[in-house]
Amino acid sequence: MTSRYRSSEAFQGLNSPSPRRRTVVKAAAATAVLAGPLAAALPARAATDAPAFLHGIASGDPLPDGILLWTRVTPTPAAIPGSGVGPDTEVSWTVAKDKAFTTIVSKGSLTATAASDHTVKADIRGLEPATDYWFRFSAGGTDSPVARTRTAPAANAAVAGLRFGVVTCANWEAGYFSSYRHLAARNDLDAWLHLGDYIYEYKSGEYAARGTVVRPHSPANEIITLADYRTRHGKYKTDPDLQALHQKAPVVAIWDDHEFADNAWSGGAVNHTEGAEGTWTARQAAAKQAYFEWMPVRPAIEGTTYRRLRFGKLADLSLLDLRSFRSQQASTASGTVDDPDRTITGRAQLDWLKAGLKASDTTWRLVGNSVMIAPFVIGSLTADLLKPLAKLLDLPQNGIGVNTDQWDGYTDDRRELLAHLRSNAIGNTVFLTGDIHMSWANDVPVDAGTYPLSASAATEFVITSVTSDNLDDIVKVPEGTVSAIAAPLIQIANRHVHWVDTDRHGYGVLDITADRAQMDYYVLSDRTNANATSSWARSYRTRTGTQKVERTYDPV
């Protein structure tokens, strides 16, 4: 295993009711057979009462002295995700310094119960910083697969380099998770970041690949109850490529809207009908409970995903929760995008973010950010491109150039944050963003209207979707057709945008040194092909002290 830390020395954690459904990327009637009963969430297994680890094992949120380990045991064939049945089962864990488990450094046991959907988390401490470890679980004489993880460097360690995989927006029905497979094939990742939409909530056939279900998920209905969310998480965790990546490196994850429902905000969602689908309070609580059961995430504040992690002196990573506290997206009824009483972060989280960025003593300040912070206006797109782009961005289709679900819809919070960066001379802030199903490399200007004459306060790398439909999919034209026309027009109207690819699916690899932070963008040959190949598309970097993005012509 190649070590990416080049030091012997982690993170320190610290609606409108109409339209009923999001207009973006709606699949036509599904052409595949819809998912069956809850049992469809499980892979085939022998008809035996022996416990089984059918959903893989995972690690996350590494610290200099610890790591969070996760698994789900199926104690009996009937105890499938969301069933609420199954006996209490003792699950033991073992951590070793070698893959053969000859040097064991930590072991213990937990009890998996139906109350937590038979998921378990072991928060291991007492480990060495910047060190590879291997771990496994056991139950009833059955061993899980073996996985590798890695602790973070010591807080004050001089770290020469870091490397992360970066992914977002993985819709099961829209294709295969080849991005995960290609990241798992690497031997150079310190961790991987998931920037939201790890699962999708839609009913089967409602949101697929150009209207076609590539593979049906489970349950077939839109997920609303705790059992539904558990079942959907369980289905995702059966994916072999996702399991492979979880077994290769620790994940650092945040949620976005589809872990709940489309365009979620603190009091509801576009994809939620109060009453007919129960209360939003109950649905949100169910979604959060299932998420924390099924994800190796260590919340710093109960019920949220915002927290701060540290990688020695080289970088810290502020992870945001942009769904739990936000005001409803702007509309005639809910206020304008410039209303100072509206927020995307909530007051407490924005103050926490500002204080952490100001106090940071690392070379780089990374921000895990689920929706794009750089401003965006549509510009002079032709009518045939404006309509699908407006659908993708949830915009009025009359050409108003603002995406109210992203930071563009909450300009007072953005203005305050960027002014804070400028007034306190906080440099080297890099936003790492998902959600928009496109690849972008952006400066983040203080005043987009006068840019490039005005200053850039930060930079932003936006990663495209693993599978979820993007612009060429909506228009249903060959890949690259839309981007060839739309990208130049977008850049003319948004001079802080150095690059945008509206069409392709894939992932990113972020490499950080003291001199620069570089994002390599990789694309898939075909998201609907389980054996899709991967190729490097572009690379952009921001050099220390510049707060600007520039193209570089080789991947790391």
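# Reading a predicted fold, feature by feature

Q: Let's start with a helix. What covers the buried residues of α5?

A: The cover includes the strands β12, β13, β14 and β15, along with helix α7. Keep in mind that this is a predicted model.

Q: And which residues of α5 are buried?

A: Buried here means under 20% relative accessible area. In α5 that gives you Q349, L350, W352, L353, K354, G356 and L357.

Q: K354 catches my eye. What does K354 touch beyond its close neighbours in sequence?

A: Skip anything up to four places away along the chain, and K354 touches R347, E416, L417 and H420. K354 lies in helix α5, and its relative accessibility is 18%, so it counts as buried.

Q: How does the span of α5 compare with what its 13 residues should give?

A: Use 1.5 Å a residue and the expected span is 18 Å. The C-alpha atoms at the two ends are 18 Å apart, which agrees.

Q: Now sheets. How do I read one, and what is the order of the strands in the open sheet of seven?

A: The general idea: strands in a sheet are held side by side by backbone hydrogen bonds, in parallel or antiparallel fashion. Here the order is β12-β13-β14-β15-β17-β16-β18, and the pairing is mixed. At the edges you find β12 (307-311) and β18 (497-501), each with a single partner strand, so one side of each has no neighbour in the sheet. On average, neighbouring strands are turned by 20° against each other, ignoring direction.

Q: Can we zoom in on one pairing: how many bridges join β14 to β15?

A: Five, and β14 (residues 364-369) and β15 (residues 429-433) run parallel. To find the spot on screen, look for G368, which stands opposite L432 in β15.

Q: Which strands does helix α7 lie across?

A: Helix α7 (residues 411-423) lies across β15, β16 (439-445) and β17 (456-462), and runs at about 120° to β17. Helix α9 (residues 481-493) packs on the sheet too, touching β16 and β18, with its direction at about 160° to that of β18.

Q: Take R414 in α7: is R414 buried or exposed?

A: Go by the number rather than the residue type. R414 lies in helix α7, and at 11% relative accessibility R414 counts as buried. Leaving aside neighbours within four places in sequence, R414 is in contact with I373, A374, P375, W407 and D408. You can also check sequence separation against distance: R414 and T343 are 71 residues apart along the chain, while their C-alpha atoms are 9.3 Å apart in space.

Q: What about side chains on a strand? Which way do those of β10 point?

A: In a regular strand, side chains alternate between the two faces of the sheet. In β10 (residues 191-194), A191 and L193 point one way, W192 and H194 point the other way, and all are buried. Strand β10 pairs with β9 in the parallel sense, over four bridges. One place to look is V166, whose bridge partner in β10 is L193.

Q: How many aromatic pairs does the structure hold?

A: There are 20 aromatic pairs. One of them is F164 with F311, edge-to-face at 4.9 Å centre to centre and 65° between the planes. F164 lies in strand β9 (residues 162-167) and F311 in strand β12, so the pair ties together parts that are 147 residues apart in sequence. F164 is buried at 0% relative accessible area, and F311 is buried at 1%.

Q: How are the rings of Y306 and F325 arranged?

A: Their centres are 6.1 Å apart and their planes sit at 70°, so this pair is edge-to-face. Y306 is in the loop between α4 (280-294) and β12, and F325 is in the loop between β13 (315-319) and α5 (347-359), so the pair ties together parts 19 residues apart in sequence. Y306 counts as buried at 7% relative accessibility, whereas F325 is partly exposed at 33%.

Q: Which residues form one aromatic cluster with W172?

A: F177, Y180, W192 and Y236 join W172 in that cluster.

Q: Rings can also face a charge. What lies over the face of W172?

A: R215, at 3.7 Å from the ring centre. For another case, turn to F101: the charged end of R136 sits over the F101 ring, 3.9 Å from its centre.

Key. Residues numbered from 1 in each chain as written. Predicted model: local features only at pLDDT ≥ 70, side-chain atom pairs only at ≥ 80, totals over all residues. Heavy atoms only, no water. Pairing = 2+ DSSP bridges. Axes fitted to C-alpha atoms, helices over the stretch in contact; angles between N-to-C directions. Contact = heavy atoms within 4.5 Å. Phe/Tyr/Trp six-rings, centres within 6.5 Å; stacked < 30°, edge-to-face > 60°. Buried < 20%, exposed > 50% of the residue type's maximum accessible area, 1.4 Å probe, protein only. Lys NZ or Arg CZ within 6 Å of the ring centre and 35° of its normal. Expected span 1.5 Å × (residues − 1).
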